[in-house]
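Biologist: I should like a close look at a single part of this protein. Please treat the surroundings of one ligand in detail and then relate them to the rest of the fold.

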Amino acid sequence: MLKPGPVWAVGAMSGTSLDGVDAALVLTDGERILDFGRTDYRSYSKEERSALRAALGCWPGDPGVEEAAEVVETAHAELLSSLLDVALVGFHGQTLAHDPDGRAGPRRTHQAGSGEVLAEVLGRPVVWDFRSTDVEMGGQGAPLAPFFHFACAKWAGLSAPVAFLNLGGVGNVTWLDPRQSGPEAEGAVLAFDTGPANAPINDLMRARRGVDCDEGGALAASGRVDEQVVEDFLSHRFFHRIPPKSLDRNDFHDLLEAVRDLEDADAAATLTACAAAAVARGFEHFPDPPRALYVTGGGRLNEALMVALTRRLNCPVAPIEDIGLDGDMLEAQAFAYLAVRVARGLPTSGPTTTGVAGLIGGGRISYPD
Ligand SMILES: Nc1ncnc2c1ncn2[C@@H]1O[C@H](COP(=O)(O)OP(=O)(O)OP(=O)(O)O)[C@@H](O)[C@H]1O
Ligand SMILES: CC(=O)N[C@H]1[C@@H]2OC[C@@H](O2)[C@@H](O)[C@@H]1O[C@H](C)C(=O)O
């Protein structure tokens with residue numbers, strides 16, 4: 001059991017880009033953020049990354065999944081072993097597959113890595129498996145950062161509706177009104193995945209240039225957008241759905257096909273425009289225009305993507321550092337915060353964040369023997 005009052009927790013996130021694991025400490029009582037602490041990062045080796053990549057789209061029991069889980073557990077154990085000045089660990093794991101709508105079988109989501117194993121290795125209680133209860137109860141199981149975004153807005157002293165946009169492999173946005181009493185309040189938060197963000201750009205760069213990403217958005221900045229491709233992209237059924245809604249990394253894998261005949265720079269510019277246009281389409285669902293859009297995740301370092309967002313949105317766009325937050329660590333911090341919420345019996349998602357029928361607290365807690 002957690003002692004009452006604020007505690008330090010460490011959160012760890014292995015994102016859809018498969019680059020590595022982020023970890024970050026947060027001091028919280030599960031409602032307010034009192035302080036942010038140390039952060040660290042461990043990248044996956046080439047071999048580890050290929051094991052994870054090979055297991056993408058796989059479910060427990062499929063070939064390659066155990067190897068992937070071992071990679072995830074080893075990387076987390078190494079990274080977290082020097083960040084254990086905490087009461088609790090929040091362990092997201094690596095999403096390998098996500099099908100909350102049951103399009104290819106039962107409705108389910110799969111994060112590789114066992115919190116039981118980690119609790120043993122680290123000697124600390126580990127909160128994990130954050131998404132499956134939400135999916136079992138009819139929700140999307142994602143995004144889960146929104147309640148944390150609400151606490152961040154309070155921490156930053158914001159006093160008007162704003163939006164937080166995470167540009168990882170996939171994009172997700174949270175609209176929130178910090179004047180409300182808590183994230184659970186009716187109308188305080190609306191969140192959903194916006195569409196593909198960096199994943200198709202990275203896939204293009206890997207296929208055409210043999211590099212991991214479009215550094216700074218330089219290639220996209222030198223190309224011309226094919227607006228017809230953007231328009232066709234926006235006709236995808238995902239954009240006609242009312243939120244909440246979430247995506248699997250591979251849901252838009254055919255987007256690369258759409259830019260097949262374009263020159264490298266034009267293809268990069270067009271995929272970048274698609275990511276921005278998806279966000280702009282998401283804005284149409286917000287209850288009120290946000291005062292600003294604060295961008296977190298690796299995509300905020302892609303200048304061409306930030307320019308494309310500014311062009312397509314009638315709203316100031318700024319990196320989240322503008323309000324004192326760390327755009328590289330926000331997701332890891334979110335899982336530290338959510339771990340404390342789980343341990344305190346507070347909800348981690350609700351009808352306006354994942355579409356689950358009521359407020360629910362997901363997550364399991366494993367204790368070391
Ligand atoms: N300097 C940069 N220039 C351009 N793009 C960058 C830069 N740095 C990071 N990125 C992009 O951001 C991605 C990593 O973002 P991030 O770490 O937020 O994703 P993630 O957490 O793995 O994904 P998700 O949030 O979908 O789980 C990289 O794969 C790359 O596409
Ligand atoms: C199923 C899954 O792992 N989804 C991730 C992914 O990465 C970004 C976006 O898609 C978001 O829905 C989610 O992560 C963040 C941390 C979230 O749950 O808020």
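Where does ligand 1 lie with respect to domain 1 (7–143 + 331–366) and domain 2 (157–323), and why?

Modeller: The model is a predicted one. Ligand 1 lies between the two domains, because domain 1 and domain 2 both give residues to the shell around it. That shell has 22 residues, and the closest are G15, S17, G168, G297 and G298. By class, it comprises 14 polar, four nonpolar and four charged residues. Helix α6 (residues 198–209) provides the largest share of the shell, which amounts to three residues.

Two of the closest residues, G15 and S17, also appear in a database record. Under "binding site", an unreviewed UniProt entry lists G15, T16, S17, L18, D19, G20, V21 and D22. Three of these listed positions can be described further.

L18 is located in the loop between β1 (7–14) and β2. Its phi is positive, about 60 degrees, although L18 is not a glycine. L18 counts as partly exposed because it has 19 C-beta neighbours inside 10 Å, and a residue needs 20 or more to be buried.

G20 belongs to strand β2 (residues 20–28). G20 is likewise partly exposed, with 17 other C-beta atoms within 10 Å. Leaving aside residues up to four places away in sequence, G20 touches Y41, R42, S43 and Y44.

V21 is also found in strand β2. With 25 other C-beta atoms within 10 Å, V21 is buried. Under the same exclusion of residues up to four places away in sequence, its contacts are A12, S14, Y41, R42, A75, H76 and L79. Y41 and R42 therefore touch both G20 and V21, since two residues are in contact if their C-beta atoms lie within 7 Å.

The second ligand offers a useful comparison. Ligand 2 also lies between the domains, because domain 1 and domain 2 both give residues to its shell. Its shell contains 16 residues, and the closest are T95, A142, P143, A145 and V170. The division by class is nine polar, five nonpolar and two charged. Strands β4 (88–99) and β8 (170–176) each supply at least two residues of this shell.

A142 and P143, among the closest residues to ligand 2, are joined by a cis peptide bond with omega of about -10 degrees. P143 sits in the loop between α4 (132–136) and α5 (146–155). Elsewhere, the peptide bond from P243 to P244 is cis as well, with omega near 5 degrees. P244 is placed in the loop between α8 (227–234) and α9 (255–258).

The contact between the domains sets both shells in context. The protein is divided into domain 1 (7–143 + 331–366) and domain 2 (157–323), and 23 Å separate their centres, taken over C-alpha atoms. In the contact between them, 21 residues of domain 1 meet 20 residues of domain 2. On the side of domain 1 that touches domain 2, β4 gives the most, with three residues. This side has twelve polar, seven nonpolar and two charged residues. Strand β4 thus has a part in the domain contact and in the shell around ligand 2.

Strand β4 also takes part in the packing of helix α3 (residues 115–122). The buried residues of α3 are G115, V117, L118, A119 and L122, and they pack against α2 (65–80), β4, β6 (126–128) and β12 (364–366). G123 follows α3 and has a positive phi, near 70 degrees. Beyond β6, D129 is found in the loop between β6 and α4. D129 has a positive phi of about 50 degrees although it is not a glycine, and it is buried, with 22 other C-beta atoms within 10 Å.

As for the whole protein, it has twelve helices and twelve strands. Its C-alpha atoms fill a box of roughly 60 × 50 × 35 Å along the principal axes. The radius of gyration is 19 Å, which agrees with the value near 21 Å for a compact globule of 369 residues. Buried residues make up 53% of the 369 residues. Of the contacts between residues at least 6 apart in sequence, 71% join residues at least 24 apart.

Methods. Residues are numbered from 1 along each chain as its sequence is written. Chains are lettered from A and ligands numbered from 1 in the order in which they are written. This is a predicted model: local features need pLDDT of at least 70, side-chain atom pairs count only at pLDDT 80 or more; totals for chains, interfaces and linings use all residues. A residue is near a molecule or strand if its C-beta atom, placed from the backbone, lies within 6 Å of it. Helices (H or I, at least four residues) and strands (E, at least two) are DSSP runs, numbered from the N terminus. Ala, Val, Leu, Ile, Met, Phe, Trp, Tyr, Cys and Pro count as nonpolar, Asp, Glu, Lys and Arg as charged, and the others, Gly among them, as polar. Domain bounds come from an automatic or database domain assignment. UniProt positions are given in the numbering used here, feature names are shortened, and annotations may be inferred rather than shown by experiment. A residue is buried if 20 or more other C-beta atoms lie within 10 Å of its own, exposed if 12 or fewer, and partly exposed in between; C-beta atoms are placed from the backbone. The radius of gyration is taken over C-alpha atoms; the globule rule is 2.2 Å times the number of residues to the power 0.38.
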